[in-house]
Amino acid sequence: MPVITRFAPSPTGFLHIGGARTALFNWLYARHHGGKFLLRIEDTDRERSTQEAVDAIFEGLQWLGLDWDDEPVYQSARTARHVEVAQQLLADGKAYHCYCTPEELKEMRERARAEGGSPGYNGMWRDRDAAVDPPSSPDIRPTVRFKSPEQGETIIADQVQGDVKFSNQQLDDMILLRSDGTPTYMLAVVVDDHDMGVTHIIRGDDHLTNAARQEQLYLAMNWTPPSFSHVPLIHGPDGAKLSKRHGALGAQAYRDMGYLPEAMRNYLLRLGWSHGDDEIISTGQAIEWFGLDSIGKGPARFDLTKLASLNSHYLNESDEDHLVDLISPLLEAGHGTAVSDEQRAALIRLMPALKPRAKLLTDLCEGAGFLFHQRPLPFTEKAAKILDNDARSLLGRLLPDIEAVNGWQIEGLEASVREFAETADLKLGKVAQPLRAALTGSTVSPGIFDVLGALGREESLARIRDCAAGVTPGG
């Protein structure tokens, strides 16, 4: 039987970290077995479901590189099929109409609590005939409830948690159709998973109790239940439930912060799954190695510091042209101008110097920002302090030596500046710091000779001349 997994988010918000990991695990398991990874949008909550959230889910999955097979299924479009199955269960005597009023249900729960029992439904209408014993209110519209087995146990052979047993006495008769005729989540999920041919369900362990009820529905319909795997949830570094203060943001937020999708895939993979001591795992290796038996039983801890470190690794391994493609839109948005061909070439030249200093794509943008400054340059407070009259005089004396460099190669530029410093009986830093401020407007930048190389001869000399002459913005 071919392996078919699914990711079934509710479109009520962004694709959060927990959902992204669930999608990744399902995607990897399907790809490992040469099967299918399906996408279902569980949009039956019409008040909270939005098209904006649907788009965010699609965008997040696409950024992560988690491609799905076949067209997405929208649960709201399958209501007629869900009702059909409920009607079949009614016809088979495995479901029944319940005419309880809200007041009766409230009283039922309060009595159960007072007696120390479970506050679930007590089966009031399970074997009651409305024609013989009419409901308390003639206007009540009935729900349809499932006849849950009253004796024995429901056992979930979970691939992560092991065998999990549920006493059937603790599982009350759940609602399948609400009083307005709409299907509940529990019914819709089972029908959709069956009709989509899903063979393996991999999801958070907060759904473990749902699995027992869903298993009962499968058996009542004489359907083969899927394999269940319930993965422990993700916690923050402090062990508490993951929240926004820990970094529980949407996938697009991490993209916008400058993370690479391959780094995020690697990091999410290691949140609850392991392959020996391997930390750096390519997507190809992940597909080859992924298995349910390597998912841990304890909660994983989300750590932004580790994610940033992993992202730094992938940045340094990335091709310069690819990185320039990624940061160009960010630079254009930040500086309000398109990246020219000359600037793109400069970015590619500068990238080997930028990568070792960067953890995020935004770090690359910040390091390359000086390329987009217009003359005369704006200076940071520290840069302006360095560029006093003595420093500007020093740059004026340095200028002829740099102008005389042939070919404008980094080696020649470095030799020229070092020779100037030695002749002037100065340490290299005493020359490099004002030169850096003159060229970038800042005291922080890539190596000064990399800066000269990236800016090119004409722009570098023009910036040094401006500074030596005391030209300032607006002056």
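1. Which residue in S3 is the bridge partner of Ile-41? In this predicted model, the partner of Ile-41 is Tyr-74. The pairing to which strand S2 (residues 36-41) and S3 contribute is parallel and runs over two bridges.

2. The wider setting of that pairing is an open sheet of three strands, ordered S1-S2-S3 and paired in the parallel sense. Its edges are formed by strand S1 (4-7) and strand S3 (73-74), each of which pairs on one side only. As general background, the strands of a sheet pair through backbone hydrogen bonds, and they may do so in either a parallel or an antiparallel sense.

3. Turning to the interior, the largest nonpolar core comprises 100 residues, and within this core Leu-371 and Leu-435 have the most contacts. Helix H1 is the element that gives the most to this core, with nine residues. Apart from this core lies another, of 19 residues, which includes Ala-95, Met-174, Val-190 and Ala-220. In soluble globular proteins, nonpolar side chains tend to be buried together.

4. The surroundings of Leu-371 deserve a separate remark. When neighbours within four places in sequence are left aside, Leu-371 is in contact with Gln-343, Ala-346, Leu-347, Leu-350, Ala-454, Leu-455 and Arg-463. One of these contacts, Arg-463, also appears in the lining of the second largest cavity, which is taken up in point 6.

5. As for enclosed space, the count comes to two cavities of 30 Å³ or more, and the largest of them holds about 70 Å³. Helix H1 (17-32), helix H8 (261-269) and helix H9 (283-289) are the elements that each give two or more residues to the lining of this largest cavity, with H8 giving the most, namely four residues. Among the lining residues are Leu-24, Trp-27 and Leu-28, together with Glu-262, Arg-265, Asn-266 and Leu-269, and also Tyr-314. By class, this lining has seven nonpolar, three polar and two charged residues.

6. The second largest cavity contains about 40 Å³ of space and is lined by Leu-377, Phe-379, Ala-438, Arg-463, Asp-466, Cys-467 and Val-471. Helix H19 (residues 457-468) gives the most to this lining, with three residues. The class division of the lining of the second largest cavity is five nonpolar, no polar and two charged residues, whereas the lining of the largest cavity has three polar residues.

Terms used: Residues are numbered from 1 along each chain as its sequence is written. This is a predicted model: local features need pLDDT of at least 70, side-chain atom pairs count only at pLDDT 80 or more; totals for chains, interfaces and linings use all residues. Side-chain values use heavy atoms; hydrogens and water are left out. On a 1 Å grid over the protein atoms alone, a cavity is a set of points where a 1.4 Å probe fits but cannot get out, and a pocket is an open set with protein on both sides within 12 Å along at least five of seven lines; lining residues have an atom within 4 Å of a point. Grid points are joined across faces, edges and corners, and a volume is the space filled by probe spheres set on the points. Ala, Val, Leu, Ile, Met, Phe, Trp, Tyr, Cys and Pro count as nonpolar, Asp, Glu, Lys and Arg as charged, and the others, Gly among them, as polar. A nonpolar core is a set of buried Ala, Val, Leu, Ile, Met, Phe, Trp, Tyr and Cys residues joined through side-chain atoms within 4.5 Å. Buried means under 20% relative accessible area, exposed over 50%, partly exposed in between (1.4 Å probe, protein chains only). Contact means heavy atoms within 4.5 Å. Two strands pair if DSSP finds at least two bridges between them.
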